[in-house]
Amino acid sequence: ALIPDPTTEEFNQLKENLLDWGCLDTIKVWAGHNIIIDGHNRYQLCQELKLEFKTEALEFDSREDVLAWIIENQLGRRNLTPQQLSYLRGLQYRQEKKAHGGDRKTGEKSIPQNEGLMFTAAKLAKKHGVSRATIERDAKFAEAVDVVAEALPEAKAKILQGTSPLSKGEVIAVAEEV
């Protein structure tokens with residue numbers, strides 16, 4: 001659910017590449033859990049086309065570590081829409097602030113007072129070359145996309161592919177109404 005779906009054109013290009021060259025990249029799995037963390041579409045197509053493929057097992061201590069790796073890996077891709085980038089940065093922010101501990105809704109914290117949301121947002125802003133406010137807006141957008149997707153699962157792909165008529169602000173407003 002974290003990985004944006006490819007467009008029809010991208011999926012067809014992947015299929016064509018696999019037919020022409022075979023599966024050149026390994027399919028990454030979480031070691032010991034047999035869960036694909038990168039290469040879902042390649043796996044699906046290799047199964048369908050009866051093509052050989054290799055897997056690479058990666059070690060992680062927790063599900064949160066796996067999610068962080070998936071997000072970081074996806075952010076390294078070049079073919080992301082602005083909406084996908086925003087969504088993934090927002091997810092990354094939410095994951096990292098959760099890792100610092102504490103319950104932001106109740107105000108209970110298990111971290112030193114000098115660390116926390118501002119630190120996480122500023123760190124990610126520097127990393128991604130955007131402002132702290134952009135990271136915070138990305139988190140609101142990511143949360144809104146997930147809320148909308150719960151009610152209308154098909155909407156997530158349209159929003160993230162940039163084919164939805166809704167702006168980021170409108171997605172947030174719709175999520176607040178759900």
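**Surface patches and buried sites in a predicted model**

On the surface, a patch of negative charge brings together Glu59, Asp61, Glu64 and Asp65. Patches here take residues with over 30% relative accessible area and no salt bridge, joining like charges within 9 Å and nonpolar side chains (Val, Leu, Ile, Met, Phe, Trp, Tyr) within 5 Å. A salt bridge is a side-chain nitrogen of Lys or Arg within 4 Å of a carboxyl oxygen of Asp or Glu. Asp and Glu count as negative, Lys and Arg as positive, with His and the chain ends left uncounted; a charge is placed at NZ of Lys, CZ of Arg, CG of Asp or CD of Glu.

The model is predicted, so local features need pLDDT of at least 70 and side-chain atom pairs count only at pLDDT 80 or more, while totals for chains, interfaces and linings use all residues. Residues are numbered from 1 along each chain as its sequence is written, and side-chain values use heavy atoms, leaving out hydrogens and water.

As for the overall layout, the protein chain has eight helices and three strands (DSSP runs numbered from the N terminus: H or I of at least four residues for helices, E of at least two for strands). From the N terminus, the order reads α-β-β-α-β-α-α-α-α-α-α. Of its 178 residues, 33% are buried, meaning under 20% relative accessible area, against over 50% for exposed and in between for partly exposed. Areas are Shrake-Rupley values with a 1.4 Å probe, and for residues only the protein chains shown count as cover.

Back in the charged patch, Glu64 belongs to helix α3 (residues 63-75) and counts as partly exposed because its relative accessibility is 39%. A second patch, this one nonpolar and about 240 Å², is built from Leu166, Val174 and Val178. Val178 sits in the segment after α8 and is exposed, given a relative accessible area of 60%.

Leu166 also turns up as a partner of Ser164, whose side chain reaches the Leu166 backbone nitrogen at 3.1 Å. Ser164 lies in the loop between α7 (153-161) and α8 (168-177), and with 18% relative accessibility it counts as buried.

Asp38, in strand β2 (residues 35-38), is buried too, at 8% relative accessibility. Its side chain makes a polar contact with that of Arg42 at 3.3 Å (N or O atoms within 3.5 Å, one able to donate a hydrogen and the other to accept it within protein; sequence neighbours count only if both atoms are side-chain atoms).

Finally, Leu18 in helix α1 (residues 8-21) is buried at 3%. Its C-alpha atom is 8.8 Å from that of Leu49, 31 residues apart along the chain.

Key: Buried means under 20% relative accessible area, exposed over 50%, partly exposed in between (1.4 Å probe, protein chains only).
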